[in-house]
Amino acid sequence: NGVDGAAMVEDPRPIAVIANSLAVQDGVTTGGMTLRVQGPLDKGDMFEQVSRSAVRPGMKVYVGDSVTDLAPMLAADLGVVMGPVSPLMQEVAAKFHLTILPLIAASLHVCRVMGFQQEGGAGGRRRGWSNAGAGVLYVADSWAELAAFLGARFTKDSPLHSSLNPSKRVAQTAERGTEDGDVGVLDPAELALVAVITLPAADESPWEKYLALLKAAVSGGATAVQLRVRSGEAYHKATKRLCQLGESLGALVPVMVQDRSDVALTLSAAAVITHSDDVAHTRKVLGSHCSVGAVVISVEEASHASSHGAICLSVPGVLTLEPEDEQQGVDSPIGCEGLAQICTAVTIPVLAKGGISCVNAAQVIAAGAAGVAVELSLDMDLEDTRENIKDLHAVILKALAERV
């Protein structure tokens, strides 16, 4: 069967359910069925009729569980696959380059458009949200999860928005976004779980594998992607590949680039992450094209970067050191105590990195981090990556909610 609903995310309204049902006569079921939705074409036609006949505008939602539901799901503002996703659905989605994300990703997108932008750059003007035609579906693990999404109020006062966006930081970073022609800020919710990967050399071939790995991370719940690029590498030779990468990822989550402003501009990235001393210069160079964040390892660097307009901070070597940390001057892990000192010293979101897993992520969030970053490598299995990210994401969201 098919379920078609119309609901305003900021003002829940009655939902119309269209489905096959038992035939009833004189209050007693006859054993027959009232068949209103018998196949893919019926589902598509019925959804279109419901959409056209809506008394008031609202979010159009289609919920299904099979490939026969694909057409109306993709036409809806929100297409939801009631999990678990079948192997056939996964196969068809892969063949037609469709992306399947957890429903929490839709929550983050709606929060950003209808909640966060209301506070920050949108000047109080609320904008509608639709994913129709984007080739993205969302999977719900239960009807209770879907009901919670449909009934939520995605505003600055909603439990979801406040649990993912500490109010003090949202208000102050949104205000900062209006200064000096800055393009605005990243929603702290988008820093909950950042997937980090080092791009290949411009003339290397496995770019498609990198994209597949990043998409697997996003489908598991990664809320942003950070690309580490090789210093001095002539990426102008790979402009087409960069543009394709930016287009594919940018439609799903914010993309950040470490150090290389030229690559960030090519990708149309949301932010460049640079050294704390370079924040002011980088902001001047990029102007209104891209925001700037900073890598910091001390309270002094954090305060300096924040005062010069950084929109977020990345703290490496929190629990363990990684090879590139030595290049950034990290001699030993700073631990949760050092992380807490940095988080306390600034009002912008702080991203923690280095040895963070499901076992210790809650401690890092409790120390004040807005989220964590995890490294990906090309030898990772796609399905393992998706499941590991999904588990870590659940731990992070629980920790964020408990901290409020």
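## The largest pocket

A pocket here is an open set of grid points with protein on both sides within 12 Å along at least five of seven lines. In this predicted model, the largest pocket has a volume of about 1200 Å³. Its lining holds 38 residues. Closest to the centre are Thr99, Ile100, Leu101, Ser219 and Arg386.

Several elements give two or more residues to this lining. The helices are α3 (87–95), α4 (103–119), α8 (207–220), α9 (239–250) and α15 (382–403). The strands are β6 (99–102) and β7 (136–140). Helix α15 gives the most, with 9 residues. What is the split of the lining into nonpolar, polar and charged residues? The lining has 20 nonpolar residues, 9 polar and 9 charged.

## A nonpolar surface patch

Leu22, Met33 and Leu35 make a nonpolar patch on the surface. The patch covers about 310 Å².

Met33 sits in strand β3, which spans residues 28–34. Is Met33 buried, partly exposed or exposed? Its relative accessibility is 46%, so Met33 counts as partly exposed. The partly exposed class lies between 20% and 50%.

## Gln341 and Val299

Gln341 belongs to helix α13, residues 335–345. Gln341 counts as partly exposed because its relative accessibility is 43%.

How far apart are Gln341 and Val299 in sequence and in space? In sequence, 42 residues separate Gln341 from Val299. In space, their C-alpha atoms are 6.7 Å apart.

Technical notes. Residues numbered from 1 in each chain as written. Predicted model: local features only at pLDDT ≥ 70, side-chain atom pairs only at ≥ 80, totals over all residues. Heavy atoms only, no water. 1 Å grid on protein atoms, 1.4 Å probe; cavity = no way out; pocket = protein on both sides within 12 Å on 5 of 7 lines; lining within 4 Å. Points joined across faces, edges and corners; volume = space filled by probe spheres on them. Helix = DSSP H or I, 4+ residues; strand = E, 2+ residues; numbered from the N terminus. Nonpolar A, V, L, I, M, F, W, Y, C, P; charged D, E, K, R; others polar. Patch = residues over 30% accessible without salt bridge, like charges linked within 9 Å, V, L, I, M, F, W, Y side chains within 5 Å. Areas by Shrake-Rupley, 256 points an atom, 1.4 Å probe, with all protein chains shown as cover. Salt bridge = Lys/Arg side-chain N within 4 Å of Asp/Glu carboxyl O. Buried < 20%, exposed > 50% of the residue type's maximum accessible area, 1.4 Å probe, protein only.
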